[in-house]
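Grab a coffee and work through these exercises with the model open beside you. Each one has a task and then a solution in steps.

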Amino acid sequence: MIGQAEVLNRDCRSTLNDRAISRHGSRRFAARLAVLFVLASLGATQASLAQQRVQEEDFYPAWAAQARYLQPLMVLDTDSALGRRNFGPKPITLKDMARMHGHLCDGLVTAWVELSAALRELFPDGIVDRTDVRVVSKNGPCWADAGAWMTGARINQGTLILDNLVGDGFIVQRISTGKAMRVSLRAGVYPAQLAALEQSIRVRCARGEFVAPAEIDRFELGANEYSRKLLNTPPDRAITLERLADYHFPDHSQNPLAPRSDTINRDAPRSSADASGESK
Ligand SMILES: [Zn+2]
């Protein structure tokens, strides 16, 4: 009986062991499956995040990211609401400015190139103290945003003045030294045909007349091509810098107001035609 019992016990243990092994195997299989599932989920999440990141960065094209003469600007600000100057500088970029402004456009790119050159002239050590700058800009959405954002000048503090007489350029003054520079685009750098197309679209928009989506496409392509060329041209070939002796900063009460001009076609349809082709 004892022998039988041992056999039975052995069989029973063996069966229990087999079941345990089988359960253990199932658990291992389930655990492996769970790990694979988690890894697959992580992979899918990462792919989805990567796709999201790509879409989120769509506003900044590769031609801008790879531009030859585009450099960050090193700036100093203050640490807090009580305004002690930073210990060290930080970089700002055209991409940062495009994100803040809402898009990358020909005006923003021109302003970046012009203001970078003027600020480097006023701060020869390459570190721009944004507590020490005032600016005159024309009243355009891109120009005024760049004039404020890159330099620290502000309309509400009387350090950013809007004056359309400066044209597609700026007057930039270092407050502590009084040194002032006028920066302008060289004649012929901005394509005349592109300026004419932009003007034609603006006039028709103001009159409530028809503007073909393909015309807006053509302008945007031309503006991007201009911007790409500008960022791949040595700045001194594209702009001029002029020292203004004994410059007196204007009265801030003269700031003109104007409606926003870079939203006039916000409800216009997109062209279904090839954007590089003629209007259809
Ligand atoms: Zn703009």
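**Exercise 1. Find the residue that follows helix α6, give the sign of its phi, and check the helix length.**

Step 1: Go to the end of α6; the residue after it is Gly208, and its phi is positive, near 75 degrees. Keep in mind that you're looking at a predicted model.

Step 2: Now the length. Helix α6 covers residues 192-207, which is 16 residues, and at 1.5 Å a residue it should span 22 Å.

Step 3: Compare that with the model: the end C-alpha atoms of α6 are 23 Å apart, which agrees with the expected span.

**Exercise 2. Work out whether strand β4 is enclosed or open, and which residues sit on each of its faces.**

Step 1: Count the buried residues in β4 (residues 133-137). You get 5 of the 5, so the strand is largely enclosed by the rest of the structure.

Step 2: Split the strand by face. Val133, Val135 and Ser137 lie on one side, Arg134 and Val136 lie on the other, and all are buried, so both faces are covered.

**Exercise 3. Identify the strands that pair with β4, and give the direction of each pairing.**

Step 1: Start with β6 (residues 170-174). It runs antiparallel to β4, and 5 bridges join the two. Within this pairing, Val135 has Val172 as its bridge partner, and Val133 stands opposite Arg174.

Step 2: Turn to β5 (residues 160-162). Here the pairing with β4 is parallel, over 3 bridges, and the partner of Val135 is Leu160.

Step 3: Trace the chain from β4 to β5. Together with helix α5 (residues 141-149), these strands make a right-handed β-α-β unit.

**Exercise 4. Follow β6 onwards to β7, and describe how the two are joined.**

Step 1: Check burial. In β6, 4 of the 5 residues are buried, so this strand too is largely enclosed by the rest of the structure.

Step 2: Look at the pairing. β6 and β7 (residues 180-185) run antiparallel with 4 bridges; one of the pairs is Val172 with Met181.

Step 3: Inspect the connection. The two strands form a hairpin with 5 residues between them, and in the turn Gly178 has a positive phi of about 80 degrees.

**Exercise 5. List the buried residues of α5, say what covers them, and place Ala146 in the nonpolar core.**

Step 1: The buried residues of α5 are Cys142, Trp143, Ala144, Ala146, Gly147 and Trp149.

Step 2: Their cover includes α3 (94-101), α4, β4, β5 and β6.

Step 3: Zoom in on Ala146. Leaving aside neighbours within four places in sequence, Ala146 touches Met97, Leu108, Ala111, Trp112 and Leu115.

Step 4: Step back to the largest nonpolar core, which has 41 residues. Ala146 is among those with the most contacts inside it, along with Leu108, Trp112, Leu115, Phe170 and Val172. Helix α4 (residues 106-122) supplies the largest share of this core, 9 residues.

**Exercise 6. Lay out the sheet that contains β1, and find its edge strands.**

Step 1: Write the order: β2-β1-β3, an open sheet of 3 strands with mixed pairing.

Step 2: Mark the edges. These are β2 (90-92) and β3 (127-129), each pairing on one side only.

Step 3: Add the twist: neighbouring strands are turned by 45 degrees against each other on average, direction ignored.

Step 4: Check one pairing. β1 (residues 73-76) and β2 run antiparallel over 3 bridges, with Leu73 opposite Ile92.

Key
Residues are numbered from 1 along each chain as its sequence is written. This is a predicted model: local features need pLDDT of at least 70, side-chain atom pairs count only at pLDDT 80 or more; totals for chains, interfaces and linings use all residues. A nonpolar core is a set of buried Ala, Val, Leu, Ile, Met, Phe, Trp, Tyr and Cys residues joined through C-beta atoms within 7 Å. A residue is buried if 20 or more other C-beta atoms lie within 10 Å of its own, exposed if 12 or fewer, and partly exposed in between; C-beta atoms are placed from the backbone. Two residues are in contact if their C-beta atoms, placed from the backbone, lie within 7 Å. Two strands pair if DSSP finds at least two bridges between them. A crossover is right-handed if, with the strands pointing away from the viewer, the path from the first strand over the helix to the second runs clockwise. The expected span of a helix is 1.5 Å times one less than its number of residues. Axes are lines fitted to C-alpha atoms, for helices over the stretch in contact, and angles run from 0 to 180 degrees between N-to-C directions.
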